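Reader: Hello! I have this chain open on my screen and would love a close look at one part of it. Could you walk me through a single loop and its surroundings?

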Amino acid sequence: KPGEQKHPKEPSSLQCMHLAVVACGDRLEETLIMLKSAVLFSNRRLCFHIFAEDSLKPEFEKKLKEWPSSYTKKFESSIYPITFSVGNAQEWKKLFKPCAAQRLFLPVILKDVDSLLYVDTDVLFLRPIDDIWHILKEFNSTQLAAMAPEHEIPKIGWYSRFARHPYYGTTGVNSGVMLMNLTRIRSTQFKNSMIPGGLTWEEMLYPLYQKYKNYITWGDQDLLNIIFYFNPECLYVFPCQWNYRPDHCMYGSNCRGAEEEGVSILHGNRGVYHDDKQPTFKALYEVIRDFPFEDNLFQSLYYPLQSKFLDTVHTLCGRIPQVFLKQIEKTMKKVYENRVIVYLGANHRY
C-alpha cells in the first residue's frame, strides 16, 4: 500500500535455531538419529552445524539428502572440519573423547552465529527444540550459557566426591546439552585463576587447560566447570528434564522435573543406546532410528515405543515409563493437531 513502510527481511540465520554437534569415530548413525529427532518435532527452521572428521563428511551429506523433502526443507546444514584455534591441536584432540574439545571453540569458529544449542551425539529430542530455544530469552544481563546439573544429589555426585579442580555449584554441570549466547561469550572478559584481570574466552582456553590438565577427568566438561566456578554469574542452570541421563533413574528416580513434566531431552551417555544396561533408553533410540519419515507418528513411533517399554518394566528406569512418554505424547498431539488444522484450512479455501 502507498505510504506503508517496508520492513527489511530478517536474515535467514536469525530466523533459524542453530544446533551444533561434533561427530568423530563411529558416531555417524548416532548423530543422524539425534538430527532426525530434532527435525521430527521442531516448528521453526533449523540450521545444523556439524563438525566432523573428513572421512565422515561425504556420508553425512549423502544421508541427509536421502531424507524426504517434507523434512529437508525444515533445515539447512553446514559441515565443518575439526579445528582448534589456540594451543596444540593433537592435545585438544586427545582430551577425553576424540574431538569433544571442539565445542570449546564454537564461539571462535561460528563468528556470525548469535546463539546456539550444542548437544552431544547421544542426545534425543522428545519435544521441539523451540522450547529450549526460548530459555535464551530468560537469561539475565550477565548469563551467556545454560547447562543442567551433573547430579541432583551432592553426596552421590561425581564432582562433589572426586573432583580435584574447581567446579560449578554443589554438583558441577553437565555439558552434553549446552545453550550458548555466542555474542556475549565473545565480548566478555572472564575472571580466572591465572591473571588478576579478565581474559577473553579464546585467550583463556589453552592456559586454563595447561594449568589443570593433570586434574581433569572429563575433558572439556571439566574446563567448562572451572570457567563457571570463577564466573558463576554467567551461567543459567536449567532443570534435569532438559538433560536426562541414566543417572536420573538407575538409582531410583531423582529428577523431579521429569516426573512432573516428562523428559524433554534424553541424553544416553555411557553408550546405553548400544548395550542392554538401560533398555528404556535403547528402546527410544531404536524407535526413532527405525521410524519411516513419512509415516503416521502415533502409528509408527508412539505405539511401537509403548510396546517396547512393556519389556523394560523390570528395570529401574522402565518402572517410570510415563516420565519418558509424557513429552513425546504431548508433542505428537500438537503435530497432529497442526496438520489437521492446516489440512482443514487448505480444504476450506476451495
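Author: Happy to; here is a tour of the loop between β9 and α13, with the whole chain as a backdrop.

Please keep in mind that this is a predicted model. Let us begin with the whole. The chain has 15 helices and 9 strands. Its radius of gyration is 21 Å, close to the 20 Å that the globule rule gives for 350 residues, so the chain is as compact as a globular protein of that length. Along the principal axes, the C-alpha atoms fill a box of roughly 70 × 70 × 40 Å. Of the 350 residues, 53% are buried. Among contacts with a separation of 6 or more, 73% join residues 24 or more positions apart. The exposed surface comes to about 16,500 Å², with 53% of it supplied by carbon and sulfur atoms. As for charge, there are 42 positive and 39 negative charges, and their mean positions are 2 Å apart.

Now to the loop. Strand β9 covers residues 265-267 and helix α13 covers 279-290, and Tyr-273 is found in the loop between them. Is Tyr-273 buried or exposed? With a relative accessibility of 2%, Tyr-273 counts as buried, because the cut-off for that is under 20%. Setting aside neighbours within four places in sequence, the contacts of Tyr-273 include Leu-266, His-267 and Gly-268, as well as Phe-281, Lys-282 and Tyr-285. Glu-30, Asp-122, Val-123 and Leu-124 are also in contact with Tyr-273. One of these partners deserves a closer look: the backbone oxygen of Asp-122 lies 3.0 Å from a polar atom of the Tyr-273 side chain. For a sense of scale, the C-alpha atoms of Tyr-273 and Gly-197 are separated by 45 Å, with their positions 76 residues apart along the chain.

Arg-270 lies in this loop too. What is notable about its backbone? Most residues other than glycine have a negative phi. Arg-270 is not a glycine, yet it has a positive phi of about 65 degrees, so you may like to look at that spot on your screen.

Gln-278 is also in the loop between β9 and α13. This residue is buried, with a relative accessible area of 9%. Beyond its neighbours within four places in sequence, Gln-278 is in contact with Pro-246, Met-250, Val-272 and Cys-317.

Going on into helix α13, we come to Ile-288. Ile-288 is buried, and its relative accessible area is 0%. Leaving out neighbours within four places in sequence, Ile-288 is in contact with Ile-33, Lys-36, Ser-37, Leu-40, Leu-124 and Leu-126. Leu-124 is worth picking out here, as it appears among the contacts of Ile-288 and also among those of Tyr-273. From Ile-288 to Phe-324, 36 residues apart in sequence, the C-alpha atoms are 13 Å apart.

To finish, here is a buried residue from another part of the chain. Leu-208 is found in helix α10, residues 201-212, and counts as buried at 2% relative accessibility. Outside its neighbours within four places in sequence, Leu-208 is in contact with Met-194, Leu-223, Ile-226 and Ile-227. The C-alpha atoms of Leu-208 and Gln-299, 91 residues apart along the chain, are separated by 51 Å.

Methods. Residues are numbered from 1 along each chain as its sequence is written. This is a predicted model: local features need pLDDT of at least 70, side-chain atom pairs count only at pLDDT 80 or more; totals for chains, interfaces and linings use all residues. Side-chain values use heavy atoms; hydrogens and water are left out. Helices (H or I, at least four residues) and strands (E, at least two) are DSSP runs, numbered from the N terminus. The radius of gyration is taken over C-alpha atoms; the globule rule is 2.2 Å times the number of residues to the power 0.38. Buried means under 20% relative accessible area, exposed over 50%, partly exposed in between (1.4 Å probe, protein chains only). Contact means heavy atoms within 4.5 Å. Accessible areas come from the Shrake-Rupley method with a 1.4 Å probe; for residues, only the protein chains shown count as cover. Lys and Arg count as positive and Asp and Glu as negative; His and the chain ends are not counted. The place of a charge is taken as NZ of Lys, CZ of Arg, CG of Asp or CD of Glu. A polar contact is a pair of N or O atoms within 3.5 Å; within protein, one must be able to donate a hydrogen and the other to accept it, and residues adjacent in sequence count only if both atoms are side-chain atoms.
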